[in-house]
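User: Please go through this model with me, in short questions and answers.

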Amino acid sequence: MKLLLILISSFVILQPSFAASPPNIVIMLVDDMGVMDTSLPFLTDTADKPKRYPLNDYYRTPNMERLAARGIRFNNFCAMSVCSPTRISIMTGQNAARHRTTNWINPDNDNAGPQGPADWNWKGLKKGDVTLPGLLSGAGYRTIHVGKGHFAPREFEAANPQAIGFDINVAGASIGAPGSYYGLKNFGGIQDNPKGKKKAKKTGSAVPGLEKYHGQDIFLTEALTVEAKAHVSDAVKAEKPFFLYFAQYAVHGPHQSDPRFAANYANSGKPQQAQNFATLVEGMDKSLGDVLDHLDALGIADNTLVLFLGDNGSDAPLGNEHAVACAAPLRGKKGSHYEGGMRVPFIAAWAKPNADNAHQKRLPIAAGAIQSQQAAVYDMFPTILKLAGIESPAQHTIDGKKLDTLLTGKPDSTRDEKFLMHYPHAPHRTDYFTTFRDGDWKVIYHYFPSEVSESSHYQLFNLKADPFEQKNLATTNPSDLKRLMQGLIAGLEAQNAVYPVEKGGTTPVKPKLP
């Protein structure tokens, strides 16, 4: 009888611990994938129902569709207009204006631009910074980085993602793009010489850490997927909760064709580079499906949260960079000040919905739903930490807000619908600008007016009435312009932003009220 009581007591003590086994977390971040680079429609009609556009019928992403059926997709999810600012926002929960990595990081030098701020954070993250993987690792998670890092220049510690809290790093470095997607070219380690003969050559853009695949007829996306699955298996075997940050190099240039999918676009009538881009999209989607299948096979899908997103607007090689073209019907693309430059796909789902799972009870996610309320990349940081039961250090400022209510498919009245995107640099598709969204309204401030800005400091759009940014209201709605500019200036000041400088000098040039 005494032994029986001891066994029962032990069971009672151990059972809650087992039931509360921490959830696994997967972030799949796709480089240069905008909200229209998919067969899954994100944009909606006036009744908030998904609406298909021609680009949705061009791309093939069945696994994004599969994931969205299990969870919720956002049609107003915002990122920075270039990559490194978004990546550091995910890691820190801070807006780029605050963490000051406001441009993509050049691996070898400060690329502020001719009138860029000298005190922007071109060195990116550093060892000791408060980061999502660092906090998760400290709480017992196995933190796995696979793919593109781009957190710091080559000579600094955080060029290796292990310096910011990842236990494992596969292929992450200072580079922002692969030298090549082909294993036969050692992912950029082999270049063609002028006579067409292959020769080994040192190159700063070769993807590191994948030597086992060198010389093989394997595409980079597939090699990274094999590695991601292997490290997830190792974590499960070790009975460790894991955080997999799978940062695809796809669909960033060079836009090389993934031969597994080339035939699907051969008769599309689109230019070859656009076809190549589409193969990169479909290869990335297959990777997503392979990861979902692997979670199912390991029996951990119902305890794994999957967050899928792009890092900035589309860079599809289709049409003018400021027109309604590569992100149609949205205007603009990566690096521009229009919505096509900063609207990205975002899907959140439990890899296998299970209403009886303790974590899914705590964070219920609507299945097959669309959320229209605005959110942004830095919101993932507090959402993940809360789910994992981890507190961020009190001294660490967080701009993001938890997505919990939005993930249920309901509106969240406690959130303001504001998004500040600051780019005090050049050259890019748009130079030296800040955008500010507040509800239905969006203002763009151009520090140095040009033809791109309609020769004005100001562009103003009502995104509800004009979602594709065709009618500039800056001159016809002066009170709205002033209100939005007041919000833009207040946001920059609150986040201690840095500004472009006067030509040939060092004096900061700040936005002016109209």
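The turns below go from the whole chain to single elements and residues.

User: What kind of model is this, and how are residues numbered?

Analyst: This is a predicted model, in which local features need pLDDT of at least 70 and side-chain atom pairs count only at pLDDT 80 or more, while totals for chains, interfaces and linings use all residues. Side-chain values use heavy atoms, with hydrogens and water left out, and residues are numbered along each chain as its sequence is written, from 1.

User: How many helices and strands does the protein chain have, and why is it described as compact as a globular protein of that length?

Analyst: Helices (DSSP runs of H or I, at least four residues) and strands (E, at least two) are numbered from the N terminus. By that count the protein chain has 12 helices and 16 strands. Its radius of gyration, 23 Å, is close to the 24 Å of the globule rule for 514 residues, so the chain is as compact as a globular protein of that length. The radius is taken over C-alpha atoms, and the rule is 2.2 Å times the number of residues to the power 0.38.

User: What percentage of the residues in the protein chain is buried?

Analyst: A residue is buried under 20% relative accessible area, exposed over 50% and partly exposed in between, with a 1.4 Å probe and protein chains only. Of the 514 residues in the protein chain, the buried share is 59%.

User: What share of contacts with a separation of 6 or more joins residues 24 or more positions apart?

Analyst: A contact means heavy atoms within 4.5 Å. Among contacts in the protein chain with a separation of 6 or more, the share from residues 24 or more positions apart is 69%.

User: Which span do the end C-alpha atoms of helix α7 show, and what covers its buried residues?

Analyst: Helix α7 covers residues 220-237, and its 18 residues should span 26 Å at 1.5 Å a residue; the end C-alpha atoms are 26 Å apart, which agrees. The expected span is 1.5 Å times one less than the number of residues. Buried residues of α7 include L220, L224, A228 and V232. Their cover includes β4 (142-147), β5 (168-170), β8 (242-248) and α8 (272-297).

User: Which residue follows α7 with a positive phi, and which follows α10?

Analyst: After α7 comes a residue with phi near 60 degrees, E239. After α10 the phi is near 70 degrees, and the residue is G389.

User: How many residues of α10 are buried?

Analyst: The buried residues of α10 include M380, F381 and P382, and also L387 and A388. The helix is mostly covered, with a buried count of eight of its nine residues.

User: Where does H396 lie, and which residues does it touch?

Analyst: H396 sits in the loop between α10 (380-388) and α11 (404-407). Its relative accessible area is 13%, so H396 is buried. Leaving out residues up to four places away in sequence, H396 touches T92, Q94, V130 and F381.

User: Is A351 buried or exposed, and which residues does it touch?

Analyst: A351 is in the loop between β10 (346-350) and α9 (358-362). Its relative accessibility is 0%, so A351 counts as buried. Not counting residues up to four places away in sequence, A351 touches R70, L292, L295, A301, T304 and V306.

User: What separates the C-alpha atoms of M33 and K333?

Analyst: M33 is in the loop between β1 (24-30) and α2 (54-58), and M33 is buried at a relative accessible area of 0%. M33 and K333 are 300 residues apart along the chain, and their C-alpha atoms are separated by 10.0 Å.
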